[in-house]
Amino acid sequence: MVDHSRQLFERLRGALAQIADPQSLAISAGATGLEADDRAPRVFVVASISGGTGSGMALDLGYAVRGLLAELGYADEGVYGILAHSTGRHPNEKKLAAANACACLNELGRYAGPGGYPGDPACGLPARKQNTAPFHETYVVPLGEDLDAREFEAATALLAEYLYLNTVTTAGAFFDKCRCPAQP
């Protein structure tokens, strides 16, 4: 992300502008049979927090998407983080995956709390004030422990199905209601 942030943010900006475009909304409504929603786009940042690229950049990406939505004149309450965690069968990998997940979640807590987000000058991301989380809602999804390749694929397929149902079926309205807290 650091090496290619300019190109990444330009592509994200273009994608966000396209999905919010009235003509794109009309095409989507025609293809899905669902009523077009002209509110701010829902954006799901999906990443593994068990180590590697996702746990290192998911939070920065959340702040980047929120900033791009604001730049395009949209509210940013539709940015959701889906942080998946799983472990393989090798004992050292299990410990490393748990350590990476803890580090990512601790960082999320610091950024969303009184400390705020320090920003990332290398990527051109500005600091954010205290109590500003990278996502409107964050979901930690435990995919499983001691997974082999087949089990991991099955677990990620369920996550993909949730995203599909949430974005191009009438189930999306149900999931939206589930995400709204009963009380502030």
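This briefing describes the fold, helix packing and selected residues of a single protein. The model is a predicted one. The secondary structure comprises 6 helices and 3 strands, arranged along the sequence in the pattern α-α-β-α-β-α-β-α-α. The radius of gyration, 17 Å, agrees with the value near 16 Å that a compact globule of 184 residues would have.

**Overall dimensions and surface**

- Taken along the principal axes, the box filled by the C-alpha atoms is roughly 50 × 40 × 40 Å.
- Buried residues make up 34% of the 184 residues of the protein.
- Among contacts with a separation of 6 or more, 70% join residues that are 24 or more positions apart.
- The exposed area of the protein is about 10,800 Å², and carbon and sulfur atoms contribute 57% of that area.
- The side chains include 15 positive and 21 negative ones, and the centres of these two sets are 3 Å apart.

**Helix H2 and its packing**

- Helix H2 spans residues 22-32, and its buried residues are Ser 24, Leu 25 and Ala 29.
- These residues lie on the same side of H2, because they cover an arc of only 140 degrees around the axis.
- The other side of H2 carries the exposed residues Gln 23, Ile 27, Gly 30 and Ala 31.
- Helix H1 (5-20) is the element against which the buried residues of H2 pack.

**Helix H6 and its packing**

- Within helix H6 (residues 171-179), the buried residues are Gly 172, Phe 175, Asp 176 and Arg 179.
- The arc that they cover around the axis is only 105 degrees, so they fall on the same side of H6.
- Phe 174, Lys 177 and Cys 178 are exposed on the other side of H6.
- The cover over the buried residues of H6 includes three strands, E1 (43-48), E2 (79-86) and E3 (137-144), and also helix H5 (149-168).
- Cys 178, located in helix H6, has a relative accessible area of 51%, which places this residue just inside the exposed class, for which the cut-off is over 50%.
- Cys 178 and Ile 27 are 151 residues apart along the chain, and their C-alpha atoms are separated by 27 Å.
- Ile 27, the partner in that pair, is itself one of the exposed residues of H2.

**Ala 97 and its surroundings**

- Ala 97 belongs to helix H4, which covers residues 91-112.
- Its relative accessibility is 4%, and Ala 97 therefore counts as buried, the cut-off being under 20%.
- Beyond its neighbours within four places in sequence, Ala 97 is in contact with Ile 49, Ser 50, His 85, Ser 86 and Thr 87.
- Of these contacts, His 85 and Ser 86 fall within the range of strand E2 (79-86).
- Gly 51 lies 46 residues from Ala 97 in sequence, yet the C-alpha to C-alpha distance between the two is 5.7 Å.

**Gly 52 in the loop between E1 and H3**

- Gly 52 is placed in the loop between E1 and helix H3 (53-71).
- With 56% relative accessibility, Gly 52 counts as exposed.
- The C-alpha atoms of Gly 52 and Asn 100 are separated by 8.4 Å, although the two residues are 48 residues apart along the chain.

**Residues with positive phi**

- Most residues other than glycine have a negative phi.
- Asn 131 has a positive phi near 60 degrees and is found in the loop between H4 and E3.
- The relative accessible area of Asn 131 is 53%, so this residue is exposed.
- Asp 146 also has a positive phi, near 55 degrees, and lies in the loop between E3 and H5.
- Asp 146 is partly exposed, because its relative accessible area is 32% and the partly exposed class lies between 20% and 50%.

Definitions and conventions:
Residues numbered from 1 in each chain as written. Predicted model: local features only at pLDDT ≥ 70, side-chain atom pairs only at ≥ 80, totals over all residues. Heavy atoms only, no water. Buried < 20%, exposed > 50% of the residue type's maximum accessible area, 1.4 Å probe, protein only. Helix = DSSP H or I, 4+ residues; strand = E, 2+ residues; numbered from the N terminus. Arc of directions from axis to C-beta. Contact = heavy atoms within 4.5 Å. Rg over C-alpha atoms; globule rule 2.2 N^0.38 Å. Areas by Shrake-Rupley, 256 points an atom, 1.4 Å probe, with all protein chains shown as cover. Lys, Arg positive; Asp, Glu negative; His and termini not counted. Charge placed at Lys NZ, Arg CZ, Asp CG, Glu CD.
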